Amino acid sequence: ASHRSLGESSGINAEYGGRGHVKFLRCTNCARCVPKDKAIKKFIIRNIVEAAALRDIGEQSVYKSYILPKIYVKLHYCVSCAIHSKVVRNRSRENRRIRTPPVRGPPGRQPQQQQKTNN
């Protein structure tokens with residue numbers, strides 16, 4: 001005899017895998033507590049100096065081949081902040097099952113969407 005009622009699930013699914021409990025993170029935007037496996041993670045690599053000032057600094061620098069360091073930041077978002085700041089978008093019920101990450105192009109450029117042709 002099962003101790004579970006008919007409506008309850010077994011607690012094992014593709015996303016969390018029956019893990020039980022995980023540590024909590026704080027959302028970068030609103031400081032909400034989010035489970036680590038539920039948080040939407042975004043890793044940003046950025047130059048310390050923006051592109052406009054990069055050339056000016058290169059001209060004024062004494063060192064000719066000096067490469068400026070980069071800033072490495074890992075952002076953690078709760079679901080509502082990730083949707084609000086357009087890190088993720090809502091998808092149709094069929095497309096939610098697709099768990100492979102989308103194809104990424106070169107950084108800073110949005111991938112062009114393919115148009116459907118009805119032939």
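The following legends describe close-up views of a predicted model.

**Figure 1. Overall arrangement of the chain, with 2 helices and 4 strands.** Read from the N terminus, the elements follow the order β-β-β-α-β-α. The chain has 119 residues, of which 12% are buried. Its exposed area is about 11600 Å², and carbon and sulfur atoms supply 52% of that area. Of the contacts between residues at least 6 apart in sequence, 56% join residues at least 24 apart.

**Figure 2. The largest nonpolar core, made up of 10 residues.** Its members are Leu25, Cys27, Val34, Ala39, Ile40, Leu75, Tyr77, Cys78, Cys81 and Ala82. At least two residues of this core come from strand 4, and at least two from helix 2. In soluble globular proteins, nonpolar side chains tend to be buried together.

**Figure 3. Surroundings of Cys81, a member of the largest nonpolar core.** Cys81 has a relative accessibility of 9% and therefore counts as buried, the limit being under 20%. Apart from residues up to four places away in sequence, Cys81 touches Cys27, Asn29 and Cys30. The cysteine sulfur closest to that of Cys81 belongs to Cys78, at 3.6 Å. Because a disulfide requires two cysteine sulfur atoms within 2.5 Å, this separation is too far for a bond.

**Figure 4. Cys33 and the absence of disulfides from the model.** Searching the whole structure gives 0 disulfides. Cys33 accordingly takes part in none, and the nearest cysteine sulfur, in Cys30, lies 9.7 Å away. With a relative accessibility of 44%, Cys33 is classed as partly exposed. Cys81, by contrast, is buried at 9%.

**Figure 5. His76 and its contacts in strand 4.** His76 is located in strand 4, which spans residues 70–77. The relative accessible area of His76 is 17%, so this residue is buried. Once neighbours within four places in sequence are set aside, the contacts of His76 are Leu25, Arg26, Cys27, Thr28, Ile40 and Lys41. Among these contact residues, Leu25, Cys27 and Ile40 also belong to the largest nonpolar core.

**Figure 6. A nonpolar patch on the surface, formed by Phe43, Ile45 and Tyr72.** Together the three residues present about 360 Å² of accessible area. Tyr72 is part of strand 4, the element that also holds His76. Tyr72 has a relative accessible area of 53% and is therefore exposed, for which the threshold is over 50%. His76, on the other hand, is buried at 17%. Strand 4 thus contains both an exposed residue, Tyr72, and a buried one, His76.

**Figure 7. Ala31, a residue other than glycine with positive phi.** The phi angle of Ala31 is near 65°. Ala31 occupies the loop that links strand 1 (24–26) and strand 2 (33–35). At a relative accessible area of 38%, Ala31 is partly exposed.

**Figure 8. Lys86, which has a positive phi although it is not a glycine.** For Lys86 the phi angle is about 60°. The position of Lys86 is in the segment after helix 2 (79–84). Lys86 is exposed, its relative accessible area being 70%.

How values were computed
Residues numbered from 1 in each chain as written. Predicted model: local features only at pLDDT ≥ 70, side-chain atom pairs only at ≥ 80, totals over all residues. Heavy atoms only, no water. Patch = residues over 30% accessible without salt bridge, like charges linked within 9 Å, V, L, I, M, F, W, Y side chains within 5 Å. Areas by Shrake-Rupley, 256 points an atom, 1.4 Å probe, with all protein chains shown as cover. Salt bridge = Lys/Arg side-chain N within 4 Å of Asp/Glu carboxyl O. Buried < 20%, exposed > 50% of the residue type's maximum accessible area, 1.4 Å probe, protein only. Contact = heavy atoms within 4.5 Å. Core = buried A, V, L, I, M, F, W, Y, C linked by side-chain atoms within 4.5 Å.
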